[in-house]
Each structure stands twice: as structure tokens, then as C-alpha cells.
Amino acid sequence: MSNDTKYLLHHNVPRLIDTLLGQILAAKPDNPLKFLGECVESELRIQEEKLRKDSTAAGAEILGEVQGKFTYLFSAQQTEGTAEMKALLGYKGASLAEMAQLGCPVPPGFTISTRVCRTYHKGGKQIPAEVRAEVEAQVKRLEQLTGKKFGDPANPLLLSVRSGAAVCLPGLPAAVLNVGLTEAAVGGLAKQSNARFAWDCYRRLTEHFGTVVKGIRRELYQRNLCAVKRRKGLTLDLGMDEDDMKAVALANAQTFAEATGGGFPQDPWAQLWATVEVILGAWGTPEVTQHRRALKLTELLGTAVTVQAMVFGNLQGDGSATGLCFSRNPTTGENHLTGEWLPGAQGDDVVGGIRTTQQIRKLDSQEWAQQLGIPEEIRSRDFPSLEEAQPSLFAELTRLKGVLERRFTDVLEMRFTVEAGKLSLLQVQPAQRSLEAQFRCAVEMVGEGLLSDTAALRQLSLTPAMLLPSLG
């Protein structure tokens with residue numbers, strides 16, 4: 001543990017646990033340390049109970065007001081949800097709605113509520129006709145907002161489809177990107193940018209849809225990609241041209257046909273409904289059920305499904321990028337943006353290991369290069385930080401970090417995409433952080449007026465065994 005952390009523990013933690021110490025003084029127990037441990041455990045139980053109430057039907061009074069509604073729009077023009085609606089919209093959908101309410105740059109979309117998930121499982125795993133009608137109406141609203149049309153070969157609206165319960169649960173399906181793209185629409189998408197980009201999007205869709213929706217092994221798709229790169233003598237995807245991307249996309253479609261016995265779906269609505277159904281169906285799988293029981297979250301209504309207009313970070317040469325950043329350093333707790341980004345990338349490329357990621361902050365980039373022995377000239381040319389490559393975007397992310405921390409009163413993990421120099425936020429959630437970072441962030445956020453002492457204490461993921469030795 002660093003000296004800075006020891007200082008914070010010895011000189012600031014007593015402020016955070018002032019309420020608990022007051023209980024000790026009032027109770028005058030024979031064993032103060034044991035009593036403190038019991039108090040901490042009690043606070044954690046209170047926190048867990050609050051989480052359950054906030055995340056289930058029992059804690060969502062709004063349920064009675066929206067019995068006839070199944071989907072909720074979020075956009076710059078109109079938003080129908082808030083952060084308090086996690087029980088209905090899941091954490092992801094609720095936070096996107098809240099960000100839209102705050103004026104953050106969020107691509108328009110809508111969330112299919114958790115009530116639909118419960119109805120789906122109670123009704124023989126069928127999506128009711130009224131839900132389908134409402135989803136179709138929401139897609140039309142997205143068409144109006146974006147100026148594109150779902151299923152139009154000339155000007156296709158593409159969608160991302162993501163799962164999201166009220167709390168993070170392992171076992172739910174990964175996102176499927178570029179839903180709605182067909183071979184016929186690749187040409188129309190290419191006219192909006194270029195053919196390499198369009199075939200890259202189709203390549204990604206055929207892989208995501210195959211692995212997530214049909215359960216096809218990802219290695220089979222990776223084999224197609226590696227075969228093309230090997231033929232061309234390439235090590236990185238960046239060196240692939242239009243013909244290379246097309247070859248991989250068509251090979252992926254063939255892999256799909258061999259695994260399923262049918263062709264890759266060329267009906268955009270078939271793609272969308274199949275993805276929605278696999279997300280809803282995942283709620284009843286043994287893995288998700290086991291995690292819900294272990295976390296004592298069996299009262300959750302289900303998972304929501306968030307459908308959002310795509311933004312593209314995989315355009316090349318125009319400032320497009322994707323990234324993941326933290327509002328504060330999750331290791332040390334220092335109050336500055338940190339994280340990684342990749343130009344010309346999409347989705348989970350940042351964490352997928354497809355190529356060397358670049359740092360968000362210049363100082364972090366320089367430290368990274370020093371550790372690897374990379375000269376500054378090469379670093380600044382080949383691996384610049386976002387702060388250096390696109391300083392205006394870095395400044396905007398820094399501004400948004402402040403806005404979101406004030407609203408969510410927590411250290412946040414933020415996922416973003418940049419399309420042609422325009423920033424979009426795609427997801428925000430509480431950041432996991434080290435013990436050192438937990439204490440530093442708690443102390444400093446209390447000092448900044450973002451948290452009360454009690455709220456800061458409840459954000460600490462502690463056990464008595466972790467806390468008591470530190471105070472000795």
C-alpha cells in the first residue's frame with residue numbers, strides 16, 4: 001500500500017465512518033473493533049437491500065403508471081426515461097436515458113423494458129403482438145431522427161442491440177452491432193463512405209450474429225480473418241483493403257451456413273427479432289439464473305434490450321475511433337481521465353487485442369512508452385494519446401466526466417465512439433477500482449461536495465477484514 005493511501009486511511013477514513021464511530025461511542029461495547037466490524041457488515045447489508053429494492057418491481061413505484069407501455073425512447077429531442085428507472089430499463093437503458101436528459105451526445109435509440117422479458121418467459125417464449133407493434137413504431141422514430149431507413153439498401157439504418165439488467169450480471173449476451181445490414185445494402189452503405197468500411201461492417205455483423213445469436217464458435221470466424229491476412233502477409237486489420245474485407249465477410253456467411261444449415265439472414269427485421277429473442281431468452285439460462293441466486297437478485301423482472309442507431313468508429317482517416325475511459329484513475333484514484341482508444345475501430349476492439357491500444361492521456365502514453373522502451377518520436381507518431389491526436393475531443397470528454405460524476409455521484413467507466421470527429425457516448429457505469437482508489441476517490445469526492453460521508457462509506461466495497469487492519 002502506498003504512503004499516500006496510508007495517509008488517507010489514517011487521516012480521512014474516520015470522517016467517512018463518523019456515523020459508525022458514533023454508534024460505538026453510544027453503545028460503549030467491550031470490544032470496539034468487533035463492534036465496528038459488525039457495523040460495517042450492517043451498512044453493507046443496508047446497501048445490498050437498497051440495491052435489491054432499486055432494481056426490482058418492489059422498489060419501482062412507476063410500474064403501476066406504465067402497465068401499457070413496453071418501450072422507451074431516448075434522444076436529444078425526446079426522452080422517456082430517467083436514471084431512477086433501472087427496474088424497467090436496466091442500468092444501461094436508464095443511464096442512456098439520463099445522459100440524453102442531461103444533453104450528452106448519445107445516439108438515439110429505445111429500450112425494450114424488463115417487463116417484456118418477464119412476459120416473454122411467462123407467455124411460452126413468444127413476443128406479444130403489441131410489443132412487436134411498439135418496437136416497429138420506435139424504429140420508425142429512429143428513421144425520422146437519423147434520416148435513414150431500416151432495411152433500405154440505398155440508405156440503411158443500422159442498429160446496435162444490447163442486453164442490460166438493473167445490475168451487471170454475467171452470462172447475458174454480448175452486443176450485436178450493425179443489425180439490419182444485408183449484402184444488398186453494402187453498396188448503399190459504401191456510397192456514404194467507402195466500400196472497405198461497408199464490407200468491414202458486414203464482416204462484423206456476420207461474426208457477431210453468428211456467435212451471439214446462433215452460438216457458433218468465435219474461432220471459426222477468426223480463422224476466416226487470419227486466412228485472408230496470412231495470404232496478404234498482413235499482421236493487422238488496418239492493412240486489409242476492400243477485397244480483403246469482402247472475402248472475410250463472405251467466408252463468415254459461409255461459416256454461418258455450414259453451422260446452421262441455412263443462409264445468413266438477409267431480412268433486416270429477421271436479424272433484429274432474432275437478436276432480441278436471444279437476449280430475452282438468456283434470462284432463463286442456468287448461468288444467469290445461478291448468478292441471480294448467488295447475488296440474491298431473484299426478484300429482478302428480467303433483462304432490458306437497448307436498440308440504438310449505430311455510430312461508426314471504424315471509418316479510416318477521418319478522425320473516427322472507439323475507446324473506453326474512466327472518470328478517475330481506477331488504480332490510484334487520481335482525479336483525471338484515463339483509459340484507452342483506437343482509431344479506425346468499432347465495438348470491443350479496444351479490449352479485443354486486435355492491435356496495440358493507445359492511451360487517452362498524454363502523460364499515461366509517455367509512461368507506457370517508457371516502460372516498453374519505445375522512443376518518444378515513435379510514440380508520438382505511431383501511438384499518440386487522444387489528448388494529442390484530438391485535443392478538442394479530449395477536452396469534451398473531460399467536460400462530460402464532470403457532468404456525469406455530478407449526476408451519478410460515482411467514479412464512472414465510459415464507452416465512447418467518434419465518427420468523423422463527432423463524439424458519442426454509448427455507455428456509462430460505475431467503475432471497478434482498487435482499494436487504494438476506493439479510499440482516495442471517496443475522500444476527494446466528499447471534499448468536492450459530490451458525496452456525503454455516509455454515501456461515500458456505502459460506495460466502499462469493503463469487508464471488515466479489509467478495513468480494520470488499515471485502521472490499527
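These notes walk through a sheet, the helices around it and one arginine in a predicted model.

1. **The sheet.** Start with the strands. Five of them build an open sheet. Reading across, the order is β1-β2-β5-β3-β4. The pairing is antiparallel. Two strands sit at the edges: β1, residues 71-74, and β4, residues 176-179. Each of these pairs on one side only. On average, neighbouring strands are turned by 20° against each other, direction ignored.

2. **One strand pair in detail.** Look next at β3, which covers residues 159-164. β3 pairs with β4 in the antiparallel sense, over two bridges. Find V161 on the structure. Which residue of β4 stands opposite V161? The partner is V176.

3. **Helix α5 on the sheet.** Helix α5 spans residues 86-101 and packs on the sheet. α5 touches β1, β2 (109-112), β3 and β5 (304-309). The direction of α5 makes about 35° with that of β5.

4. **Helix α7 on the sheet.** Helix α7 is formed by residues 129-146. α7 lies across β1, β2, β3 and β5. Compare its direction with β1: α7 runs at about 10° to that strand.

5. **Two helices that cross.** Helix α8 takes residues 183-192, and helix α9 takes residues 195-213. Their axes come within 8 Å. They cross at roughly 145°. The crossing is right-handed.

6. **What makes that contact.** From α8 come E183, V186, L189 and A190. From α9 come A195, F197, A198, W199, C201 and Y202. What kinds of residue are these, nonpolar, polar or charged? Nine are nonpolar, one is charged and none is polar.

7. **Where R217 sits.** Now turn to a single residue. R217 belongs to the loop between α9 and α10, the latter being residues 218-232. Is R217 buried, partly exposed or exposed? Its relative accessible area is 48%. Exposed requires over 50%, and buried requires under 20%. R217 therefore counts as partly exposed.

8. **What R217 meets.** Leave out residues up to four places away in sequence, and R217 touches T211 and R223. Closer along the chain, the side chain of R217 also makes a polar contact with the side chain of E219, at 3.0 Å. E207 is ten residues from R217 along the chain. The C-alpha atoms of R217 and E207 are 9.5 Å apart.

Definitions and conventions: Residues are numbered from 1 along each chain as its sequence is written. This is a predicted model: local features need pLDDT of at least 70, side-chain atom pairs count only at pLDDT 80 or more; totals for chains, interfaces and linings use all residues. Side-chain values use heavy atoms; hydrogens and water are left out. Two strands pair if DSSP finds at least two bridges between them. Helices (H or I, at least four residues) and strands (E, at least two) are DSSP runs, numbered from the N terminus. Axes are lines fitted to C-alpha atoms, for helices over the stretch in contact, and angles run from 0 to 180 degrees between N-to-C directions. Contact means heavy atoms within 4.5 Å. A crossing is left-handed if the near helix is turned anticlockwise from the far one by less than a right angle, and right-handed if clockwise. Ala, Val, Leu, Ile, Met, Phe, Trp, Tyr, Cys and Pro count as nonpolar, Asp, Glu, Lys and Arg as charged, and the others, Gly among them, as polar. Buried means under 20% relative accessible area, exposed over 50%, partly exposed in between (1.4 Å probe, protein chains only). A polar contact is a pair of N or O atoms within 3.5 Å; within protein, one must be able to donate a hydrogen and the other to accept it, and residues adjacent in sequence count only if both atoms are side-chain atoms.
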